[in-house]
Amino acid sequence: MTKQNLSAPRVATIVGPFASGKTSLLESILYLTKKINRKGCVKEVNRVGDASKEAKDKQMSVENVIAETEYLDEKWFFIDTPGSVEFLQDTYNAMMVSDIVILCCDPDPDRVVMLTPFLKFLEERAIPHILFINKVENQKAPLDEVIQAISEISTLPLIKKLTPIKENGVITGYVDLVSERAYTYSKGDYEDNKSCHLDDVPGDVVETEKFVRQEMLEALSDYSDKLMEELLEDEIPAMDEIYEVMKTAISDGKVVPVFFGAAEQDAGVKRILKTIRHDVLDVANTKERLMIEDKDASLVFKTIHSQHTGKLSVARVLDGELKDGQEVGDGKISGLFSLFGEKTNKVSSAKKGEIVAIGKVDEIVTGDMVVGNKLKKYDDWVKPLDGLFSFAITAAKKGDEVKLSTGLHKLIEEDVSLTIEHNKDTNEMLLWGQGEIHLQVAVSKLASKFHAEVNTKRPEIPYMETIKSATKQQGRHKKQSGGAGQFGDVHVEIKPLTRGTGFEFINKIVGGVVPKSYIPAVEQGCKEYMQKGPNGYPMCDLSITLYDGSHHPVDSSEQAFKMAGIIAMKEGIPNCNPIVLEPILDIEISIPNDCTSNTQRAVSQRHGQIMGFEQKEGWQNWDVLKAQMPQAEMHDLIIELRSITMGVGSFSWAVSHLQEKV
């Protein structure tokens, strides 16, 4: 851990599942730090985090929103991230450049599983984080049950920083376990957003507070020999010592402090602000965690294409300073901008620790580092998430194909978890993403930001055709209509091949009954027919043997023999017991193990064959279910899977083989 003063600005990213109150927490922070004079609300969709048109339309966060503020004369940048797992790419990117992550959750132990993707990423990357149990104004908020449930999916110890004060089952305040001071929400606090009062610890809470505080100290003693010795000798540790041990353990990513409150009513939010101010180290610690040794380094974690400012590359300055007009790679910075929701303000420079948008350097992509005047790739950047859901898209207006192509390029620059695939079997352009809402937002952005409206539909399945039996067939093309005639005559044997072999053409002509110069045309005719078999799908796994035929010295031509090959296939294939083949996928589904049986049932109902399951490596109480499933059943699998698993289930897939469609 790097020691330093905290003069440099710091970054806190707010993450958590959908509807856990992240955007409300950001709004409360901005209000309490006097950055905004009036808070917006969920119903009116007018909060700082509800910035974009798509966020307002969906009434949910769909991209990272950055807001700068000051607390006790120190500059902070807060990033509000999407809660839906369909937008995890943006969330992961923001966490990478953060000094601290505030993880929000509901006070419902049954919904704790939704924290898993966030916790796993934070733990794997050793990113410091704290836990905020939000919405505790609910009388039924069972804090201990929630914390216990989270401890079962967190590999790091959870340390209660507060213990609740209750009246008639309702949380009315808390005791800070380090300072042993009690804070009770003012009368009407939940309605009027008033500050907390400082009180003595209530008598009925004293015993509980002493017990929970001792638990906290024992947990922290694992990271301080001195503190452990003091506890063993029943000495009372100094408050400053406890704060220092806490700071070290948090910044080293070894413990997770737990807070609670009600962000919409500002309850418990100041305690978070005070804690991150005292216990979170600045950008030097983050740079060390990222193992970046370069001086004058800034890490780009988001790309924005704005109608007003053009391309913006949002970066965290990890060291040194960025200046407007500075040369970068083959380009030059054309404007530096501070960000506050959707608003941008031009600045002349950005100092160490700050977040800034770099204007119009086309070379820069998310995950790049600006190092002085050079561009470098950050090798350990977040990998793009694999596509799980797709739309087939076409330009809504004739002639808009170029506009669509440009818009898609910019869209994917903004969000690398979107990908484009041209399916050569169905001749469709497929837009892949993380789910239906993800793609709906992408399509909306194409229209609103890039003026490229598209039509969408469910992708076609790339069925194939083959045959099950062999036949011999003559193909004869003869045409005489004045002038030069056309004549081609072939005899072929059509046989099935082993699945996956493809196509073979065998020439057994002897004696020149079909001139050598016409034989490639026969093969071409057979292949042309195979592009669309009797059921309308491409054909595969066929062997065609040309063994006899005849020709005319004047009327024969390459075209005539090509037509003869087509006729032979057209008349012969129906006699070969043609069948339709469907693609079968290998699928590995990751789910909490209490969802395994329901997932198995869903796979079976989709005509999938379960190949087995095993514990997911490194994931406690998670399984990996292996199965084979027809591609036709896959399209909305992720939607059902997320319904079964409260949004956290996912899968990977690969094409396995073709088999006869039942």
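**Group meeting talk: a buried arginine, two pockets and a helix**

Leaving aside neighbours within four places in sequence, R213 is in contact with L177, V178, E180 and I242. That is my starting point. Keep in mind that this is a predicted model.

Where does R213 sit? Its place is in helix α7, residues 203-220. Buried or exposed? R213 is buried, because its relative accessible area is 10% and the cut-off for buried is under 20%.

Now step back to the whole chain. The protein chain has 662 residues, and 56% of them are buried. Its secondary structure comes to 17 helices and 35 strands. The C-alpha trace spans about 110 × 60 × 45 Å along the principal axes. On contacts, take pairs of residues at least 6 apart in sequence. Of those contacts, 72% join residues at least 24 apart.

Next, the pockets. The largest has a volume of about 1,000 Å³. Its lining counts 31 residues. Which ones lie nearest the centre? They are Y92, L385, K616, W619 and S650. By class, this lining has 15 nonpolar, six polar and ten charged residues. At least two lining residues come from each of α3 (88-96), α4 (116-124), β32, β34 and β35 (650-660). Which element gives the most? That is α4, with four residues.

On to the second largest pocket. Its volume is about 700 Å³. Here 35 residues form the lining, and E63, I304, H305, E342 and K449 lie nearest the centre. The class split is 13 nonpolar, twelve polar and ten charged. Several elements supply at least two residues each, among them α2 (53-58), β2 (65-71), β12 (297-306) and β13 (310-317). Helices α3, α12 (401-414) and α13 (436-450) are also on that list. The most comes from α13, with six residues. Note that α3 supplies at least two lining residues to the largest pocket and at least two to the second largest.

Back to the largest pocket and the elements around it. Strand β32 was on its list. S590 is found in that strand. S590 counts as buried because its relative accessibility is 13%. What does its side chain pair with? It makes a polar contact with the side chain of K616, at 3.3 Å. K616 is one of the residues nearest the centre of the largest pocket. S590 also touches W622, D623, V624, G649 and S650, not counting residues up to four places away in sequence. S650 is another of those residues nearest the pocket centre.

Last stop, helix α16, residues 596-605. Which of its residues are buried? T596, T599, A602 and V603 are. They lie on the same side of α16, because they cover an arc of only 120° around the axis. What covers them? The cover includes three strands: β32 (578-592), β33 (609-615) and β34 (622-630). Helix α17 (637-644) is part of it too. So two of these names should be familiar, because β32 and β34 each supply at least two residues to the lining of the largest pocket. One backbone detail to finish. Just after α16, H607 takes a positive phi of about 65°.

To recap: R213 is buried in this model. S590 is buried as well, and its side chain reaches K616 through a polar contact. The largest pocket, at about 1,000 Å³, has K616 among the residues nearest its centre. That's my tour.

How values were computed: Residues are numbered from 1 along each chain as its sequence is written. This is a predicted model: local features need pLDDT of at least 70, side-chain atom pairs count only at pLDDT 80 or more; totals for chains, interfaces and linings use all residues. Side-chain values use heavy atoms; hydrogens and water are left out. Buried means under 20% relative accessible area, exposed over 50%, partly exposed in between (1.4 Å probe, protein chains only). The arc is that of the directions from the helix axis to the C-beta atoms. Contact means heavy atoms within 4.5 Å. A polar contact is a pair of N or O atoms within 3.5 Å; within protein, one must be able to donate a hydrogen and the other to accept it, and residues adjacent in sequence count only if both atoms are side-chain atoms. On a 1 Å grid over the protein atoms alone, a cavity is a set of points where a 1.4 Å probe fits but cannot get out, and a pocket is an open set with protein on both sides within 12 Å along at least five of seven lines; lining residues have an atom within 4 Å of a point. Grid points are joined across faces, edges and corners, and a volume is the space filled by probe spheres set on the points. Ala, Val, Leu, Ile, Met, Phe, Trp, Tyr, Cys and Pro count as nonpolar, Asp, Glu, Lys and Arg as charged, and the others, Gly among them, as polar.
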